[in-house]
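Here is a short walk through one structure, written for someone who likes distances and contacts. Have the viewer open as you read.

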Amino acid sequence: MIIYSGKDYNDISRKAANIMSAQIIMKPRAVLGLATGSTPVGMYRQLIEWYRKGDLDFSQITTVNLDEYKGLSGENEQSYRYFMNNNLFDHVNIDKSRTFVPNGLEKDSRKACSDYNQIIHTVGGIDMQLLGIGGNGHIGFNEPGEAFETETHCVDLTESTIQANSRFFNNLDEVPKQAYTMGIKNIMSAKKILLIASGESKAEALYRSLYGPVTPNVPASILQLHPDVTVVADEGALKVIREKELI
Ligand code: F6R
């Protein structure tokens, strides 16, 4: 595992974009595993800027996203498909037919999940998987629990997540109660992992994930067992690790 530190969010966004760019340049047909959330937005912005300058070509790239809300169409502004179009795909020369997100409109959860696993296998597996990390150590929608879920599965969102998300919707009924997410095995099968973390709210989770015991109670701790993980974190996210003088 390699840990790169950055002084702030902009710094880690550029560093992460450099690492992702190197992957795209070295393997123009790469399969990128992508994430949503606030952390990767700066990295995506940087990739778009380099694409516009002519330094990056996405024409042969394939992407598979980590997760999607069950019940939301790609046109819904809260869907992760919408997020990806808005924050990256609409601004670069990627072939949208090669960008995959779990099908939120598929009501049959088993089918949605097995279809998505099939897609990941068909595209030949993931070359580089981008991950953010939750304040509780979650990756994708793999929340702390009793066991590591393996492949794509349907998760019930916790009451606090539903409440937190309700601010984006007209009423509580519209808020998705479930999501489809890649499982730990899907993530661990990626050849390389790029984890980005920003801000003190991630500091404890990052410390426990990188230096604590490997346990489903801290889903990201499984990454300690992956052979090729790069972490890019700013000083806020590294606070606990620095205090303990681990780096
Ligand atoms: C996003 C995802 C989540 C986020 C995590 C961090 O596709 O699967 O695991 O990476 O919740 O979110 P932010 O970046 O918003 O702090």
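Helices, in the naming used here, are DSSP runs of H or I with at least four residues, numbered from the N terminus. With that label in hand, we can start where one helix ends: α4 is followed by Gly124, and the phi of Gly124 is positive, near 95 degrees. Please keep in mind that this is a predicted model.

## Helix α4 and its two faces

Let us look at α4 itself. The helix runs over residues 109-122, and its 14 residues reach 20 Å from the first C-alpha to the last, close to the 20 Å expected at 1.5 Å a residue.

Which residues of α4 are buried? They are Ser109, Ala112, Cys113, Tyr116, Asn117 and Ile120. Because these residues cover an arc of only 130 degrees around the axis, they sit on the same side of α4. The face turned away from that buried side carries the exposed residues Arg110, His121 and Thr122.

The cover over the buried residues comes from several elements, including the strands β3 (62-65), β5 (99-100), β7 (153-156) and β8 (178-181), and also α6 (184-188). At the start of the helix, a side-chain oxygen of Asp108 reaches to within 3.1 Å of the backbone nitrogen of Arg110.

## Lys70 and Ser109

One of the buried residues of α4, Ser109, has a polar partner in a loop. Lys70 belongs to the loop between β4 (67-69) and α3 (80-87). In sequence, Lys70 and Ser109 are 39 residues apart, while their C-alpha atoms are 8.4 Å apart in space. Their side chains make a polar contact at 2.9 Å. The side chain of Lys70 also reaches the backbone oxygen of Lys107, at 3.2 Å.

Leaving out residues up to four places away in sequence, Lys70 touches Gly104, Glu106, Lys107, Ser109, Cys154, Pro176, Gln178, Ala179 and Tyr180. With the same sequence neighbours left out, Ser109 touches Lys70, Cys154 and Tyr180.

## The ligand and its surroundings

Now to the ligand. How many residues surround the ligand? There are 13, and the closest are Thr39, Asp67, His138, Gly140 and Lys202. The table gives three distances from an oxygen atom of the ligand to the protein.

| Residue | Protein atom | Distance to a ligand oxygen |
|---|---|---|
| Ser38 | polar backbone atom | 2.8 Å |
| Asp67 | polar side-chain atom | 2.6 Å |
| Lys202 | side-chain N or O atom | 2.6 Å |

On its own, the ligand has 410 Å² of accessible area, and the protein covers 85% of that.

Ser38 is worth a second look. This residue is found in the loop between β2 and α2. Is Ser38 buried or exposed when the protein chains alone are considered? Its relative accessibility is 60%, so Ser38 counts as exposed, the cut-off being over 50%. Ser38 and Ser198 are 160 residues apart in sequence, and their C-alpha atoms are 9.4 Å apart in space.

## Helix α1 and Ser21

Back towards the N terminus, α1 has 18 residues and reaches 26 Å from its first C-alpha to its last, close to the 26 Å expected at 1.5 Å a residue. At its start, a side-chain oxygen of Asp8 reaches to within 3.3 Å of the backbone nitrogen of Asn10.

The buried residues of α1 are Asp11, Ile12, Ser13, Ala16, Ala17, Ile19, Met20, Ser21, Gln23 and Ile24. They pack against β1 (2-6), β2 (31-34), α2 (41-52), β6 (128-131), β9 (192-197) and β10 (229-234).

Ser21 makes a handy example from this list. It lies in α1, which spans residues 9-26. Why does Ser21 count as buried? Its relative accessible area is 7%, and buried means under 20%, so Ser21 qualifies. Leaving out residues up to four places away in sequence, Ser21 touches Leu47, Trp50 and Leu56.

## A positive phi at Glu245

Our last stop is Glu245, in the segment after α8 (239-243). Although Glu245 is not a glycine, its phi is positive, about 55 degrees. With a relative accessibility of 70%, Glu245 counts as exposed.

Note on methods:
Residues numbered from 1 in each chain as written. Predicted model: local features only at pLDDT ≥ 70, side-chain atom pairs only at ≥ 80, totals over all residues. Heavy atoms only, no water. Helix = DSSP H or I, 4+ residues; strand = E, 2+ residues; numbered from the N terminus. Expected span 1.5 Å × (residues − 1). Buried < 20%, exposed > 50% of the residue type's maximum accessible area, 1.4 Å probe, protein only. Arc of directions from axis to C-beta. Contact = heavy atoms within 4.5 Å. Polar contact = N/O pair within 3.5 Å; in protein donor to acceptor, adjacent residues only side chain to side chain. Near = heavy atom within 4 Å. Areas by Shrake-Rupley, 256 points an atom, 1.4 Å probe, with all protein chains shown as cover.
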